[in-house]
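Trainee: I want to test the terms we use against the model itself. Can we go through them one at a time?
Mentor: Yes. Ask what each word rests on.

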Protein chains: 4
Amino acid sequence: MKLWPHCFPCYDDGDRGNRFCAASDFSNDLLPSLGATAQQPPKLRKYLVSPYDPRYKVWEKFLILLVVYSAWICPLEFAFLRYLPRAPFVVDDVVNGFFAVDIMLTFFVAFVDKKSHHLVNDRKKIAVRYLSSWFVFDVCSTVPFHSISLLFNKHEHDFGFKFLNVLRLWRLRRVSSLLEKDIRFNYAVIRCTKLISVTLFAIHCAGCINYLIADRYPDPKRTWIGAVMPNFREDGLWIRYVTAMYWSITTLTTTGYGDLHAENAREMLFGICYMLFNLWLTAYLIGNMTNLVVHSTSRTRDFRDVIQAASEFAARNQLPRQIEDQMLNHICLRYKTEGLKQQETLDMLPKAMRSSISHYLFFRVVQGAYLFKGVSARFIQQLVTEMQAEYFAPKEDIILQNDSPSDLYLLVSGAVDILAFLDEAEQVCGRAAEGELLGEIGIMCNKPQPFTFRTTKLSQILRISRSRLLGIIQENREDGEIIRSNLQLVNV
Amino acid sequence: MKLWPHCFPCYDDGDRGNRFCAASDFSNDLLPSLGATAQQPPKLRKYLVSPYDPRYKVWEKFLILLVVYSAWICPLEFAFLRYLPRAPFVVDDVVNGFFAVDIMLTFFVAFVDKKSHHLVNDRKKIAVRYLSSWFVFDVCSTVPFHSISLLFNKHEHDFGFKFLNVLRLWRLRRVSSLLEKDIRFNYAVIRCTKLISVTLFAIHCAGCINYLIADRYPDPKRTWIGAVMPNFREDGLWIRYVTAMYWSITTLTTTGYGDLHAENAREMLFGICYMLFNLWLTAYLIGNMTNLVVHSTSRTRDFRDVIQAASEFAARNQLPRQIEDQMLNHICLRYKTEGLKQQETLDMLPKAMRSSISHYLFFRVVQGAYLFKGVSARFIQQLVTEMQAEYFAPKEDIILQNDSPSDLYLLVSGAVDILAFLDEAEQVCGRAAEGELLGEIGIMCNKPQPFTFRTTKLSQILRISRSRLLGIIQENREDGEIIRSNLQLVNV
Amino acid sequence: MKLWPHCFPCYDDGDRGNRFCAASDFSNDLLPSLGATAQQPPKLRKYLVSPYDPRYKVWEKFLILLVVYSAWICPLEFAFLRYLPRAPFVVDDVVNGFFAVDIMLTFFVAFVDKKSHHLVNDRKKIAVRYLSSWFVFDVCSTVPFHSISLLFNKHEHDFGFKFLNVLRLWRLRRVSSLLEKDIRFNYAVIRCTKLISVTLFAIHCAGCINYLIADRYPDPKRTWIGAVMPNFREDGLWIRYVTAMYWSITTLTTTGYGDLHAENAREMLFGICYMLFNLWLTAYLIGNMTNLVVHSTSRTRDFRDVIQAASEFAARNQLPRQIEDQMLNHICLRYKTEGLKQQETLDMLPKAMRSSISHYLFFRVVQGAYLFKGVSARFIQQLVTEMQAEYFAPKEDIILQNDSPSDLYLLVSGAVDILAFLDEAEQVCGRAAEGELLGEIGIMCNKPQPFTFRTTKLSQILRISRSRLLGIIQENREDGEIIRSNLQLVNV
Amino acid sequence: MKLWPHCFPCYDDGDRGNRFCAASDFSNDLLPSLGATAQQPPKLRKYLVSPYDPRYKVWEKFLILLVVYSAWICPLEFAFLRYLPRAPFVVDDVVNGFFAVDIMLTFFVAFVDKKSHHLVNDRKKIAVRYLSSWFVFDVCSTVPFHSISLLFNKHEHDFGFKFLNVLRLWRLRRVSSLLEKDIRFNYAVIRCTKLISVTLFAIHCAGCINYLIADRYPDPKRTWIGAVMPNFREDGLWIRYVTAMYWSITTLTTTGYGDLHAENAREMLFGICYMLFNLWLTAYLIGNMTNLVVHSTSRTRDFRDVIQAASEFAARNQLPRQIEDQMLNHICLRYKTEGLKQQETLDMLPKAMRSSISHYLFFRVVQGAYLFKGVSARFIQQLVTEMQAEYFAPKEDIILQNDSPSDLYLLVSGAVDILAFLDEAEQVCGRAAEGELLGEIGIMCNKPQPFTFRTTKLSQILRISRSRLLGIIQENREDGEIIRSNLQLVNV
C-alpha cells in the first residue's frame, strides 16, 4: 500500500520499503469522499507520473540539493564576484539545465486537488494549473540570462540580467514542504533546523545585497563600508564578506552597534526593509521557541502541580503518614507510566486491532489462571479484549477488605500480600504469586471482599470490571459452568 | 434571513447575497433573551437605518478608504508640507465633507445594545449615546480648522489648528472592527495584515513627529537630523522623509545604531514616549506571532508525538512486525482524516441536520445492502442517522474471528478479504465487494464472529452499533421480520 | 457573610455591601478541612483585628497611596536633591509616621495560615511570624535615618543613611496583592496596568541610580553624562532628569543608541546589573502579552477554523446548497450563543440553583403549553429543571419527518413551519406559533415523527429528552393521566 | 521500595529515607513490560553499582560542585591569567584527579536502556556504551595537558594545550539532568535558576573569549578594547574583566551601545557567532518566561471570565438579585475550592486508596447519622467510598422544595435552615445542625422533597446519589431493614 510512502517518505528506500511495495496502488492514499458519492479510484493515464512515485521523489531530493547550492551561491556571485571570469558560471549553466528538465517534467506529473483531495490526472488540467501558477517564475529563474548576455557581449545590461538571476531563489519554495513530513527526525530538531537555515540565509542575503549597494554607489566614501574602510574595494574578498555578514547579523539581532551604519538614502531604504523583515523574523523565532518550550515542559510542570496538590491535600486533612506515602508513590508511578502513553495509544486504535494486541500480550497469562482452566479459547479472547493493564507501586492496596467487589484482578508480575483484620489488627494471611487472581471470590459470589490485597513490590495487574466479566460469562454459558466448578474446586 | 450579513458581511454584494435577501427581517440576528422574558422583535422606525443595511455597509467601506487616506497624509502634511500652497488642502476639505455627512447619518443609525444584545431604535437614545460618546471627537476631527484659519489669515495660530487636525486619526477606530469579521480571508492573513499596518503606521507617524520636532527647534544644529545633515531644511523632501523613516524604524526595532539620536530635551522626551510604545508594540507582535505559530503547528506536533508513542509501545512490548505496521498505518490514516474534521463538523450540528446529511450521503448505499431489501424508507432513514463513516487503512482488521459482535459494518468503498483459521492457519475464504455487509451474522444471531475481515485496499465503511440497530428493529417490527427473512434467504 | 469581602473587596463600601453585612461572621470565608476533622470556627480574641475588617482594608488602601508616593519620590530625592534644604523631608517624616503606626498594628492583625487555610488569632504566633519575617525590613525602611543624622550634624555618614532610605521601596510588596483580586476591572486592564507601572518604576529607578553614580564620581568628564554635557551639575533639574530617563529607557528597550554610555567601571557594573534585569523584564512583558493575546483571540480563531472545516466538508461531499447554508447558519449562531456562555454558566451551578433559575425563566412558558394544562406545579417544576434552551437559525430543521422521536420541543419565540412530504414534494401543512409544542405526538405515542418542523425566523426552543420526560411522567402518575387526556383532546 | 529515591532524590538522606530503605530492591522502579512478556527483575552482578545507589548519588553531587568550579575558572584562566605562575594550577590537577576517578567508576555503573526501560548490568555492554559515546570527551577534558606541557618545558604549544582544557566545559552536561527531578523546589524556581545560570555562564564565557582574541591580536590598537583603552594590557585585572563582561552583556541583551565594538575580522567572526547564539538564547528565555506566565495566570484568568459570564447571564435574563448573588457566591467558593484541587487529587487515585481516605475522613461522621445507627461497619464503609464532599456558600439552596430527589446530603459543618412554602410565603420550619441528614425522606420514600434546605453559614456537606445509595442498600438487605426502621422511628 502506498499510503506509507506519503506518511513515511523515507521508508521507501530503506529495509522496510520492500514490505510495503507489494499489492499497492498509487491512489490508495487518497481518501474517497464519504458514502454515496464514493467512486472508483482513478487510473493514471499514460506518460503521467504520480507525485508519490519513488523515482520522482529521488529527483525532487536531488533538485533540493541544487536549490540549496544556487540559493547560497547566487547572492554571493551577484554581490562580490562581479569582476570574475566566466569559469564559475559553467556550474550555473549545468544547474540551470536540471531545472529546465524539471519544468518539462512538471507537465507530466499528476497533482492532488486541494479542495477535493482527488488526484487530477487530466493532462490539460495539469498544464493549465502549472501555466497559471508557477510556470512564469520557474522559467524566469531558469533562463541563463547571464550567459545569453555574454554571447551578445552587451555588458551594459549586465546588472539587469543578474537581477533576473535572483529569481532563482524562487526555487526555495521546494525545500520547506519536504522537510516537515519526514518522521525519522524529532519534531523539535526539524523545526530548529528550518529556523536556523532561514536565519542564516537571511543574514547571508542581506549582507550581500547591502554590500552590492555600497559597491555600486558613486561615492565610495559615503557608503556604510567605505566610511570605515576607505579603500574597501581593494581589500580581500574574505574581509569584505565578513564585514558584510557582521553588519547583517548586528542588524538582524537588533544589536546595532552603530560602527557600521547607512550613509546614504539607498542604504537607508534597504535598511528599513531589512529591519522590518527582521522584526517579523525575530517574532517568528520567538514564537516557535515558545511553542517548543511550552510543549516540551508541559508534562514535568503538570507532574509538579499534581505532587504539590497531593501533599497539600494530605497536610490539610491530616491524613496518616502511610496514606500520604501511598498517594505520592502512586502519583510518581502514574506519571512514569503516563509518559509511556500506553493507554492512549491503545485507545486510539480500532477494536479489532486492540483485540489483536491484547490477545498477543495477555492470552497466555490469562489462560494460566486456575479459574479459566479448560474454558474455550474464544472465551479467553473475549476476556483479554476487555482487560486493562495497570501498575501498582509497592505497599499500595489493590483491594480493601469489606469493599463491594467491582473488578477482578490478575497479578502478572510483582508480589502481593493477602491481609485481613483479625482481632482488631491487620494480619498477613498469605501471599499471592504471579499469575494468581485477586478478588475472584468477591466477584463470583457477589459478597464484600473478604481480604485486603497489598503489593510488596512494584506489580503489574490486569483488571476486568465485574459487569463486563459477567456479561461475557452470560454469553458463553458452558464456559461459565467450567469457571464455577473451577471456583468450587479450589475454594471449598 | 439577515443573520448572514452580520456573519458574512461580504456575501451581501456577491452572488450568494441574493439567495438570502428574500423573506428576511433585519432584527433576526439579534438573540432574544431566554425563556419567559422573550419579547416581540422590534420594528425599525421611520427614517432610521439598520446597521446591517447593505447600503450602509458600502458607505462604511467607502469611509474606511478615506480614513486610510487621511491617516497617512495627515502626519505627512503636518510635518513636511508646512510651506506648501493651499492646493492639496482642497482634497482634505472634500474628505472632511464626507465625514461631516457621516456625523449627520450616525443620528439615524440604530445600534445594538452591548448588554442585552437588543437593537435600540429609539431616536432619543441613539442621539444621547452618540453625543455622550464619540460625537465631540468626531466633530473636532472633522472641522477644517486649517481652512478656517486661512480665511482669517491668522497664521500665528497655524500650529495649534494643525494639531487639531491630528484628531482625524481618531477615525481609524472604524478600520479595526470591520476587518476582523470578514471570513473570506484566512485568519492568519487578516491578523498579519492588521499587525503590519499598525507597525507601518506607527513608523510613519513617529518619523513625521520626530522630524517636526527637529524642524521647529530654534537651533537646527542641535537636532537629531541637523547633527548629521547641517542644512537639512534645504534638502529634498524625499531624503528628509527617508531619513525620518530610517530613524523611526531603527528605534522601533530597537536596533538603535546611534548615527541619528536625540540631541535636545524635546527629542529625548519624544524618544522616551516612542520607545515605551515600541516596547508594547514589539511584545504585542511577538504575542500574536506566538499565537499563530502555536495554533498552526499543533496538529503536526501532536501527530509526531502519537507516532513516536506508538513506535515505542510496539518496541517495548515486542509486538510482531505485522501489528506494528497496522498500528502506524492506522494512526497515519487517522491523522489525515482528522485533518478534514468531518466528524467534528457533524457532531456540532443538531440532530435534524445530521439526519439530513446522513440521508443525503448514505441512504442509497444502505438501501442497496441485501439485508435491507424491501424494508421501509422510514427504517433506513432511522438507520443512516445512527451510522458513522470510518476509514480503514489497507491490511487492517475490521472484525476479528471469535470476537463478540458489537457493530455492524457496511463496506462503502475499497475491498475486504474474509479470513478464517482452518487447520491452525489463516486462510482466505472469500472477498467482500463494495456495498456488502460485514459481521451481520454475528450481530443478528448474537454469536461470536465466524470470520476475520481484513481490508486489502483503503476502505470506507459505515458502522452502526449493535444495540442501536436492535433498538431500531424493535421499534419497527415489520421491518425486523423482513430483515430476518432476508438473512435466512442468503445464509441458509 | 464575609465571604464576599474577600472575593469582591470593592463591594464593601458600595451599595451592595450593606446587603451582605447582616448575619455575617468573619471566619466564614475560611474553608473547614474535609469531613471528620471539621472543627468549630474560632472566635477572634479581644483587641485583635480581622484581616477582612473593612476599616483595616481602608487603612491598607491609604498605605498603598503612601507607598506609591515614597517609591517615586525616594529615588528622586536620593539622586537629584542632595543639596536641597530640610523642608521637603518633613513630608517624608509624616509618611514614616504612618508606616510606624502600621508596624504596631501588624501585631494585632490575625493572619491566615497558608498551609491549613485556618485563621490564626493567637497573639504570640502573630508576633513570632511577623518578627521572623518582615519586621526587620519594615523597621529599617521606616526609621528616619536622614533626620536622625541631621540632629547629630554628622554629614559624613549622609550617604550611608540615605541608602537605608532606599529600603522604603520594600513597602511596594503591598501593592501587588491587592490589585489582582479586584474584579471590578477587566483582567487584561489590571494586568497591563501592573506591567506598565513596573516598567515605568524600573526606568525611573535605574535613571536615578545611574545619575547618582555619575554625580558622585570624582572626575565628572569621565561619566556617562559628563562626556556629552561637561558641566551637567550646573544644568537644570529637568534636563538632567530627562537625560537620565532617556538613558534608562534606551537601555531598557535595548535600543542602545550609544550616545550616552558607561565611561567607567562603576557605571559598567551598574549597566551590567540593569541589563540583566532588563532581559528578564522584557521576557516577562512579552510572556504576559502573549498570554493576553492568546486568550483574547482564541474564540475568533476557533470560529474561523470551524467555518472553514464546514465549508470544506460541504464541498468535499458535494452537499446540496440548502444543507450547506443551514450548516453555516447554524455554526454562526452557535458561535454567537457560545460567546454568551449561558450553558457553561448553568452547568457550573449546583442542581438546586439551576432549578431556581429554570423555574424563574421557563415556568410560565411551560405552564402555558396545551399538553400541560391542569398538571400540578410540582410536575412542571421537575420538567423545567431538565429543560435546555436552544437557538435555531432561520430555515433550519428542528425535527425531520420519519425520524425516531428523541426530544420534545417547546417553541418559546420565533416561528416554525410544519411540513410534510405529500406526493413526493414537501408541502407546508401549518405553522407553529410561540408557546406551541413540537413533536409531542411522536414522543407520547412513540412513533416516527409525522412532520418536518422548520424555522422561518430565528427561534428559541426549549428541549427535553424523551427518556427524562417519560421518567418524570412515571413518577407523577396523576399528572401523566392529565397529559394523556390533553393529548387526546387536541389530536383526536 | 526504591521507587522513591528516583522520584524524590533528596528524601534519601533526610529523615524520610529511613522509612523506605527496608525491604527494598533496587530494580523496583523499573517498569516491567506489559503482560505475557514480563520477566524476573534482574539481579545486579558483583562489583557493579546501581545508578540509584545513594552513595553514588552523593558522589555525583560532589562532582557537580567541581564541574561548576571548573566551568567558571577555566575560561577565566584561559583568557586573563596567561602570565601567572604554576601555583593556581595545582587546584586544577586535584579536580582533574576526581574526574579521572569518575571515568574509572563509570565502567562499573549499570545504566537504564532508554528504549526498553530495563536496567542493563552486563559489564561488556556498559563498557561498549561508554566507549562509544562520551568516553573520548571525558578523557580529553580530564588529561592535564597544561601540566604535561610544563614538564617538557615546551611553551610554544601552550595555547593549543590550553584549548584542550576548554573541553572541561563538557562536564556541564551533568548539571542539567539532576536539577530538574528534585521536587523539593518549586517548578518555576528551578526553571528560573537554570535559565539565569545559563545566561550568566554565556556572558562570562563570551567576555573571556572576546578578551582573549583582543589579547592575542598583533596590533593592540586595532582591537575592541584597545580602541578605547590603548594600554589595556597594563590595566588591572578587575577593570579588564568588567569591561569584557560589559561588552558581553551589551551584546547579549542586544543593547549594543557601540562604544565597544569589533575592530578586526577575528573579532567580527566571534561577534557573528555570539550574536547568533544570543538570538536563540533570548528566544529560549522568552519562551520559558511565556510558559511560566501562561501557567501561573491561567486560574485567575479563568475565574475572571467565569464571573463576568455569570454577571452578564444574570443581567441579560433579568434574574432577581437574590439568585444573582447566590450564583456569584457559589462561583467564588468554587474557585477557592478548585484551587485546593481536592477532587482532582482523589480522582487520580485507585479505588482502594480512595476508600481508605474516605474511610479515614468520613467514617465517624456517617456513623453518627441517625439513619445509620446500628448498621454494619461494612455498610458504612461502602457508603463513604461513594460519598463526595462539597462546600456550599452561605444563603445557597442545597435542596429545593418539590424537586425530585436525586441525592442524599449529610451536613458535616455549617448550619442549614429548613424552609417550606406555607400560605404562598417561605417560612422557616427548622434548622439542621452538624451531623444531620438532609433530604433523606425524599430519597427513601421516593417522593418530591417536602422542604427547601438553605445554608446560613459556609457549610460542608457529603453527597451520595440516590441510585448508588439504593444499590448499596439492596446488596446489604439486613442493613436496609435497620435503616428503614430508623427512618420510621424518627419520622412517624
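Trainee: Among the elements of chain A, which has the lowest mean pLDDT and which the highest?
Mentor: This is a predicted model, and pLDDT is the predictor's confidence, from 0 to 100. In chain A, helix H2 (residues 17-20) has the lowest mean, 34. Helix H11 (residues 237-252) of chain A has the highest, 93. Chain A averages 79, and 80% of the residues score at least 70.

Trainee: Where in chain A is the pLDDT below 50?
Mentor: Over residues 1-32. Beyond near neighbours in sequence, that stretch has 62 contacts in the model. Residues 36-41 of chain A also stay under 50, with 14 contacts beyond four places in sequence. For the model, ipTM is 0.77 and pTM is 0.82.

Trainee: What makes residues of chain A and chain B count as in contact?
Mentor: Their C-beta atoms must lie within 7 Å. By that test, 59 residues of chain A touch 72 residues of chain B. On the chain A side, the elements giving two or more residues are H1 (3-7), H12 (265-316), H14 (342-348), H15 (351-368) and H16 (377-385). The largest share, 17 residues, comes from H12(A).

Trainee: What is the class make-up of the side of chain A that touches chain B?
Mentor: There are 31 nonpolar, 21 polar and seven charged residues.

Trainee: How many residues do chain C and chain D bring to their contact?
Mentor: Chain C brings 58 and chain D 71. H12(C) gives the most to the chain C side, 17 residues. By class, that side has 30 nonpolar, 21 polar and seven charged residues.

Trainee: Why is H11(D) called largely enclosed?
Mentor: A residue is buried if 20 or more other C-beta atoms lie within 10 Å of its own. Twelve of the 16 residues of H11(D) are buried, so the helix is largely enclosed by the rest of the structure. Among them are Arg240(D), Tyr246(D), Trp247(D) and Leu252(D).

Trainee: What do the buried residues of H11(D) pack against?
Mentor: H12 of chain C, together with H3 (54-80), H10 (187-216) and H12 (265-316) of chain D.

Trainee: How do you know that the span of helix H11 (residues 237-252) of chain D agrees with its 16 residues?
Mentor: Use 1.5 Å times one less than the number of residues. For H11(D) the expected span is 22 Å, and the end C-alpha atoms are 22 Å apart, so the two agree. Just after this helix, Thr254(D) takes a positive phi of about 60°.

Trainee: What makes S6 and S9 of chain C a pair?
Mentor: Pairing needs at least two bridges. S6 (residues 416-422) and S9 (residues 452-455) of chain C share four, in the antiparallel sense. In one of these strands, S9(C), Thr452(C) is the bridge partner of Leu419(C).

Trainee: Why are S4 and S7 of chain C called edge strands?
Mentor: The open sheet runs in the order S4-S9-S6-S7, with antiparallel pairing. S4 (397-399) and S7 (425-432) each pair on one side only. Neighbouring strands are turned by 35° against each other on average, direction ignored.

Trainee: How many bridges join S4 to S9 in chain D?
Mentor: Two, so the pair meets the minimum of two bridges. Ile399(D) has Phe453(D) as its bridge partner. Ile418(D) also stands opposite Phe453(D).

Trainee: Which way do the residues of S9(D) point?
Mentor: Thr452(D) and Arg454(D) point one way, Phe453(D) and Thr455(D) the other, and all are buried.

Note on methods: Residues numbered from 1 in each chain as written. Chains lettered and ligands numbered in written order. Predicted model: local features only at pLDDT ≥ 70, side-chain atom pairs only at ≥ 80, totals over all residues. Contact = placed C-beta atoms within 7 Å. Nonpolar A, V, L, I, M, F, W, Y, C, P; charged D, E, K, R; others polar. Axes fitted to C-alpha atoms, helices over the stretch in contact; angles between N-to-C directions.
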